Amino acid sequence: MKKAFAKMLIVFAAALLIGAPQAAQASDLKGELEIFSWWAGDEGPALDALIDIYKKENPGVKVINATVTGGSGVNAQAVLKTRMLGGEPPDSFQVHAGQELIGTWVKADRMEDLAPLFKEQGWMDVFPEGLIKLIGTDNGIWSVPVTIHRSNVMWYIPANLKKWGVEAPKTWDDFLTIAPKLKSEGVVPLALAQNWTANHLWESVALAAMGADNWDALWSGKLPFDSPEMVKAWELFGKVLQYTNADATSLSWQQATDMVVDDRAAFNIMGDWAAGYMSTTKKLAPGEGYGWVASPGTEGTFMFLADSFGLPKGAPHRANAVAWLKVLGSKEGSDTFNPLKGSISARKDSDLSKYNAYSQSAAKDWKSNRVVGSLAHGVAANDTFKNGFASIMEMFLKTKNPQAASMACAQLAKKAGI
């Protein structure tokens, strides 16, 4: 009887191991791990720091760092689509948390549910409840959040503003007042880069024009995309564009940031990966070498995005991928990666003493501000809308027609199921 009972315990334990996405002991893991992301170039050191932690814990695994360059993951997402549809998924891939993943690969039944891993690691308690809801559905939790980034930030160099006799604008009216003065002195008022950064700028302008309540109402289907509020947002965006650089489409986001650092431009609206770039690559001290404010008209609102990693069904080295996810969700991994990246940790128990002045201010705002989701970075809408919006933006940059852009957004929203 005792032997039979012991056998039953063994079978039961084995069933539990099979049912949860657990990795073997670190010392037992062998083979490869392919990490697919767009963290290359200036963002590479932060990723390398995570990989170093993984290698120490899993010395028998060969890590393949499969980065695809291109801001905001535009190029990487195109390559990922080909691989996923072709039945050749990477072991784990970077994705913006929210509808970018859920509305695409979760909807297509291509991802594993990570809820058992979250419970096993105690992450249900250390990640904010609202964030877990964002990365989950009624059927599971679909990715491990690595970062919290802020989209609506205006960057500048304090010494340059003092030299030009201007202050960081609190509203877009303030900006439109000082922009002609800057332009007359040969300074680009607002640096812009390739088209995805126009989408990024638009969401900050639109948030200011319509307010947080109406912004959220857009994505819940309560406010039409061809409403007067939306037309007003496009009108304001058109006015702001008059004071951007003519060569924008040929620049990367880093080059647009360089324009501000090199005193060729006064301001830049960019996510706080720009803080990581200016601190880590440009060696500028936050608060002294570079400054920041919430983008004009959005003080008190935190437009956020989160980078995360998921576990695709059919991952070639599944156990190695689960071990990678554990590093990403750990306090050590989070507080090693984010200070280099310019982001803040998604965990509630983050050690803020490891972060610089900018990140500490962002963490304070994250806890106290009204939080809304980014369109440009996959939180607010699915890929159907996000990708279609890029085409609408290209049209607007040529025509500057607010009514036409609003009507096109309304048609796209119907197609995307919003």
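These legends accompany several close-up views of a predicted model.

**View 1. The nonpolar cores of the model.**
Let's start inside the protein. The largest nonpolar core has 84 residues. Within this core, Phe93, Ile148, Trp155, Trp324 and Leu325 are the residues with the most contacts. Helix H14, spanning residues 318-329, supplies the largest share of the core, with seven residues. Apart from this core lies another one, made of 57 residues. Among the residues of that other core are Trp172, Ala198, Ala212 and Leu375.

**View 2. An aromatic pair within helix H9.**
The model holds 29 aromatic pairs, and this view shows one of them, formed by Trp172 and Phe175. Their rings meet edge-to-face, with 5.3 Å from centre to centre and 85 degrees between the planes. Both residues belong to helix H9, which covers residues 172-184. Trp172 and Phe175 are three residues apart, about one turn of the helix. Are these two side chains buried or exposed? Trp172 counts as buried because its relative accessibility is 3%. Phe175 is also buried, because its relative accessibility is 0%.

**View 3. An aromatic pair linking distant parts of the chain.**
Here Trp292 and Tyr358 form an edge-to-face pair, with centres 5.1 Å apart and planes at 90 degrees. Which elements do the two rings come from? Trp292 sits in strand E11 (residues 291-294), while Tyr358 sits in helix H16 (residues 357-368). The two residues are 66 residues apart, and their pairing links distant parts of the chain. Trp292 has a relative accessible area of 21%, so this residue is classed as partly exposed; the cut-off for buried is under 20%. Tyr358, with a relative accessible area of 2%, is buried.

**View 4. A cluster of aromatic rings.**
For this view, follow the rings from one partner to the next. Ring pairs join Trp202, Trp215, Trp219, Phe225, Trp234, Phe237, Phe385, Phe389 and Phe396 into a cluster. Keep Trp234 in mind, as this residue of helix H11 also takes part in the helix contact of the next view.

**View 5. Helices H11 and H18 crossing.**
Helix H11 (residues 228-241) and helix H18 (residues 402-416) have axes that come within 8 Å. The axes cross at roughly 130 degrees, and the two helices are therefore oblique to each other. The crossing of H11 and H18 is right-handed. Which residues make the contact? H11 contributes Met230, Val231, Trp234 and Glu235, and H18 contributes Pro402, Gln403, Ala405, Ser406 and Cys409.

**View 6. Gln403 in helix H18.**
Gln403 is found in helix H18. This residue has a relative accessible area of 41% and is therefore partly exposed. Leaving aside residues up to four places away in sequence, Gln403 touches Val231 and Glu235. The C-alpha atoms of Gln403 and Ser374 are separated by 23 Å, with their positions 29 residues apart along the chain.

**View 7. Helices H2 and H15 packed together.**
Helix H2 (residues 44-57) packs against helix H15 (residues 331-341), with the axes 8 Å apart and at an angle of about 160 degrees. How do the two helices run relative to each other? H2 and H15 are roughly antiparallel, because angles over 145 degrees are classed that way. Their crossing is right-handed. On the H2 side, the contact involves Pro45, Ala46, Leu47, Ala49, Leu50, Ile53 and Glu57. Those residues meet Glu332, Gly333, Thr336, Phe337, Leu340 and Lys341 of H15.

**View 8. Two acidic residues, Glu34 and Asp365.**
Glu34 is part of strand E1, residues 31-37. With a relative accessibility of 16%, Glu34 counts as buried. Its contacts, not counting residues up to four places away in sequence, are Ile64, Ala66, Arg83, Pro90, Asp91 and Ser92. Asp365 lies in helix H16, and its relative accessibility of 23% makes this residue partly exposed. With the same residues up to four places away left out, Asp365 touches Arg150 and Phe302. The C-alpha atoms of Asp365 and Leu47 are separated by 25 Å, and these residues are 318 residues apart along the chain.

Conventions:
Residues numbered from 1 in each chain as written. Predicted model: local features only at pLDDT ≥ 70, side-chain atom pairs only at ≥ 80, totals over all residues. Heavy atoms only, no water. Core = buried A, V, L, I, M, F, W, Y, C linked by side-chain atoms within 4.5 Å. Buried < 20%, exposed > 50% of the residue type's maximum accessible area, 1.4 Å probe, protein only. Helix = DSSP H or I, 4+ residues; strand = E, 2+ residues; numbered from the N terminus. Phe/Tyr/Trp six-rings, centres within 6.5 Å; stacked < 30°, edge-to-face > 60°. Axes fitted to C-alpha atoms, helices over the stretch in contact; angles between N-to-C directions. Parallel < 35°, antiparallel > 145°, perpendicular 65-115°, else oblique. Left-handed = near helix turned anticlockwise from the far one by under 90°. Contact = heavy atoms within 4.5 Å.
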